[in-house]
Amino acid sequence: MNDDKPLRVLMVCLGNICRSPTAHAVMQRRLEQAGLAGAIEVDSAGTGDYHIGKPPDVRAQQAASERGYDLSALRARQLVPEDFEQFDCLLAMDLSNLEHMIRMASGEQLSKIHLMLSPLGPDREVPDPYYGGEDGFGEVLDLVEEACDYWLEEFRRQLEQRH
Ligand code: 4NP
């Protein structure tokens, strides 16, 4: 592996307008706070094509802004097969996203795919907040913030193992 290349992480949900942009912004903030924003890059995508080009859901933006995260510049894009080559780690928000990703990937790419909440326990999912109430967006943030702390340490270990 080329030591100079950033570690690339992709957050994946269904629409790329609620959960994965939230995870994208939370991880980006963690990386900046840790001084790792140059060494680790984060992006997000959706398995579905419903919202391509759209900004995050206003409810996700509002909940995130209450914790100091700005999602406004993000735009939804759909997951593409090349993502499994381009990214080192792809984190699925729920089991449905995970199954979709496993169907798209092949060979060694499969080992790059994980559930976002796997550090919190087996088969833990970030619940889809799209059709629920405002509370769902706060819960997404709670879960994603907790998981990002674990993933940041995992990525730090991976970077150290390169040297
Ligand atoms: P997300 O939420 O996957 O967290 O972005 C959803 C957004 C849109 C839809 C479903 C979930 N939708 O059905 O349009």
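**Exercise 1. The residue H51**

Does H51 count as buried or exposed, judged by its relative accessibility? Locate H51 and describe its surroundings.

*Solution.* The structure is a predicted model. Step one is to place the residue: H51 sits in the loop that joins β2 to α2. Step two is to apply the cut-off, by which a residue is buried under 20% relative accessible area. H51 has a relative accessibility of 18%, and therefore it counts as buried. Step three is to list the contacts of H51 beyond its neighbours within four places in sequence; these are G15, I17, A76 and Y130.

**Exercise 2. The surroundings of the ligand**

Determine which residues surround the ligand, and state which polar atoms of I17, C18 and H51 lie by its oxygen atoms.

*Solution.* Begin with the residues around the ligand: C13, L14, G15, N16, I17, C18, R19, H51, D128, Y130 and Y131. Next, consider the backbone. A backbone N or O atom of I17 is 3.0 Å from a ligand oxygen atom, and a polar backbone atom of C18 is 2.9 Å from an oxygen atom of the ligand. Then turn to the side chain of H51, where an N or O atom is found 2.8 Å from an oxygen atom of the ligand. Finally, consider the area of the ligand: taken alone, the ligand exposes 350 Å², of which the protein buries 93%.

**Exercise 3. The residue N16**

Where is N16 found, and what polar contact does its side chain make with the side chain of S20? Describe also the backbone of N16.

*Solution.* N16 belongs to the loop between β1 and α1. The relative accessibility of N16 is 2%, so N16 counts as buried. The side chain of N16 forms a polar contact of 2.8 Å with the side chain of S20. A polar atom of the N16 side chain also lies 2.9 Å from the backbone nitrogen of R77. Beyond its neighbours within four places in sequence, N16 is in contact with P21, S44, A45, G46, R75, A76 and R77. As for the backbone, N16 has a positive phi of about 60°, although N16 is not a glycine.

**Exercise 4. Strands β1 and β2**

In which sense do β1 and β2 pair, and over how many bridges? Explain why each strand is described as largely enclosed.

*Solution.* The two strands, β1 and β2, pair in the parallel sense over seven bridges. Two partners can be picked out: L7 stands opposite I40 in β2, and V12 has A45 of β2 as its bridge partner. For enclosure, examine each strand in turn. In β1, six of the seven residues are buried, so β1 is largely enclosed by the rest of the structure. In β2, five of the seven residues are buried, so β2 is likewise largely enclosed by the rest of the structure.

**Exercise 5. Helix α1**

How many residues does helix α1 have, and what distance does α1 reach from its first C-alpha to its last? Identify its buried residues and the elements they pack against.

*Solution.* Helix α1 covers residues 19–33, which amounts to 15 residues. From first to last C-alpha, α1 reaches 21 Å, close to the 21 Å expected at 1.5 Å a residue. The helix is mostly covered, with eleven of its 15 residues buried. The buried residues of α1 are R19, S20, P21, T22, A23, H24, A25, V26, M27, R30 and L31. These buried residues pack against β1, β2, α2, α4 and α5. After α1 comes G35, which has a positive phi near 70°.

**Exercise 6. Two further residues, Y150 and D123**

Classify Y150 and D123 by accessibility, and place each of them in the structure.

*Solution.* Y150 is part of helix α5. Its relative accessibility is 46%, and Y150 therefore counts as partly exposed. Leaving aside neighbours within four places in sequence, Y150 is in contact with P119 and L120. Y150 and S118 are separated by 32 residues in sequence, and their C-alpha atoms are 9.7 Å apart in space.

D123 lies in the loop between β4 and α5. With a relative accessible area of 55%, D123 is exposed. D123 has a positive phi of about 60°, although D123 is not a glycine.

Technical notes. Residues are numbered from 1 along each chain as its sequence is written. This is a predicted model: local features need pLDDT of at least 70, side-chain atom pairs count only at pLDDT 80 or more; totals for chains, interfaces and linings use all residues. Side-chain values use heavy atoms; hydrogens and water are left out. Helices (H or I, at least four residues) and strands (E, at least two) are DSSP runs, numbered from the N terminus. The expected span of a helix is 1.5 Å times one less than its number of residues. Buried means under 20% relative accessible area, exposed over 50%, partly exposed in between (1.4 Å probe, protein chains only). Contact means heavy atoms within 4.5 Å. A residue is near a molecule or strand if one of its heavy atoms lies within 4 Å of it. A polar contact is a pair of N or O atoms within 3.5 Å; within protein, one must be able to donate a hydrogen and the other to accept it, and residues adjacent in sequence count only if both atoms are side-chain atoms. Accessible areas come from the Shrake-Rupley method with a 1.4 Å probe; for residues, only the protein chains shown count as cover. Two strands pair if DSSP finds at least two bridges between them.
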